[in-house]
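Trainee: Could we go through the helix and strand packing in this one? I'd like to know what backs up each label.

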Amino acid sequence: MADFDLSYLNAPVIFRKRPVPVPGDLRPLWRICLLLLLLRRCCRGNRSSFARLHVLSWGMLSPDNQNALLQLVNEEQSPDSVYVRVEPSLNRAVDYAIGAGFIRRANGDHFELTPVGVAAANKIYEQEDCLEEEKTVMNELGRRVTETLVNELFG
């Protein structure tokens, strides 16, 4: 291996720590807000299985995913043609939301909003400049992502 002589540069090499941007979908606060809205707007009784939360969360991550999920509930695509990614960042958001008292575990793998979580979700929904695109998709989806549909996706 050859040695490199950098002395001809005649300048010191300085390393500075720079901030690293974190994509919005990995930010815990964004995920928690999304989780609360999904439970409030897209799930009957403010309650859902973990699998359905993963499907709904995946459906909010990009315009392509949003279109795929909308086509799925409108029966324009079959469950076999949609590939849902399970993301660990949702798992962390669920843990944080439980710790903050926004949601609680109900019967095995189901989660539901607490009264504090319902109030927080309502407040988030009322904010006009918060999660605008996601709210639009949630309004189109309604409660049509059913547990039966999720079982077809993962089955």
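Trainee: Which residues bring H2 and H3 together?

Mentor: This is a predicted model, so keep that in mind throughout. From H2 you get Val55, Leu56, Trp58, Gly59 and Met60, and on the H3 side they meet Asn65, Gln66, Ala68 and Leu69. Sorted by type, the residues of this contact come out as six nonpolar, three polar and no charged.

Trainee: Why are H2 and H3 called oblique to each other?

Mentor: Start with the value: the axes of H2 (residues 50–60) and H3 (residues 63–73) cross at roughly 130 degrees, coming within 6 Å. Roughly perpendicular covers 65 to 115, and roughly antiparallel is over 145. An angle of roughly 130 degrees fits neither range, so H2 and H3 are oblique.

Trainee: And what makes H3 and H6 roughly parallel?

Mentor: Their packing angle is about 10 degrees, with the axes 10 Å apart. The cut-off for roughly parallel is under 35 degrees, therefore H3 and H6 get that label. On the H3 side the contact uses Gln66, Leu69, Leu70 and Val73, and H6 supplies Val137, Glu140 and Leu141. That contact divides into five nonpolar residues, one polar and one charged.

Trainee: Staying with H6, which of its residues are buried?

Mentor: In H6 (residues 132–141) they are Glu134, Lys135, Val137, Met138 and Leu141. Buried here means under 20% relative accessible area.

Trainee: How do you know that the buried residues line one face of H6?

Mentor: Look down the helix axis: the buried residues fall within an arc of 165 degrees, so they line one face of H6. Their packing partners are H1 (28–42), H2, H3 and H5 (115–126). Right after H6 comes Gly142, with a positive phi near 60 degrees.

Trainee: On to the strands. What is the strand order in the sheet?

Mentor: The order is E1-E3-E2, in an open sheet of three strands with antiparallel pairing.

Trainee: Why do E1 and E2 count as edge strands?

Mentor: E1 (47–49) and E2 (103–106) each have a single partner strand, so one side of each is left without a neighbour in the sheet. On average, neighbouring strands are turned by 30 degrees against each other, direction ignored.

Trainee: How do you know that E3 pairs with both E1 and E2?

Mentor: Count the bridges. Pairing takes at least two of them. Four bridges join E2 to E3 (residues 110–113), and three join E1 to E3. Both counts meet the requirement, so both pairs qualify. Looking at individual partners in E3, Ile103 is bridged to Leu113, while Ser49 is bridged to His110.

Trainee: What connects E2 and E3?

Mentor: The two strands form a hairpin with three residues between them. Asn107 sits in the turn and has a positive phi of about 55 degrees.

Trainee: Which helix lies across the three strands?

Mentor: H1 does: it lies across E1, E2 and E3, and runs at about 90 degrees to E3.

Trainee: Last one: why is Ser78 called partly exposed?

Mentor: Ser78 is in the loop between H3 and H4 (88–99), and its relative accessible area is 36%. Buried would be under 20% and exposed over 50%, so with 36% Ser78 is partly exposed. From Arg31, Ser78 is 47 residues away in sequence and 27 Å away in space, C-alpha to C-alpha.

How values were computed. Residues are numbered from 1 along each chain as its sequence is written. This is a predicted model: local features need pLDDT of at least 70, side-chain atom pairs count only at pLDDT 80 or more; totals for chains, interfaces and linings use all residues. Side-chain values use heavy atoms; hydrogens and water are left out. Axes are lines fitted to C-alpha atoms, for helices over the stretch in contact, and angles run from 0 to 180 degrees between N-to-C directions. Contact means heavy atoms within 4.5 Å. Ala, Val, Leu, Ile, Met, Phe, Trp, Tyr, Cys and Pro count as nonpolar, Asp, Glu, Lys and Arg as charged, and the others, Gly among them, as polar. Buried means under 20% relative accessible area, exposed over 50%, partly exposed in between (1.4 Å probe, protein chains only). The arc is that of the directions from the helix axis to the C-beta atoms.
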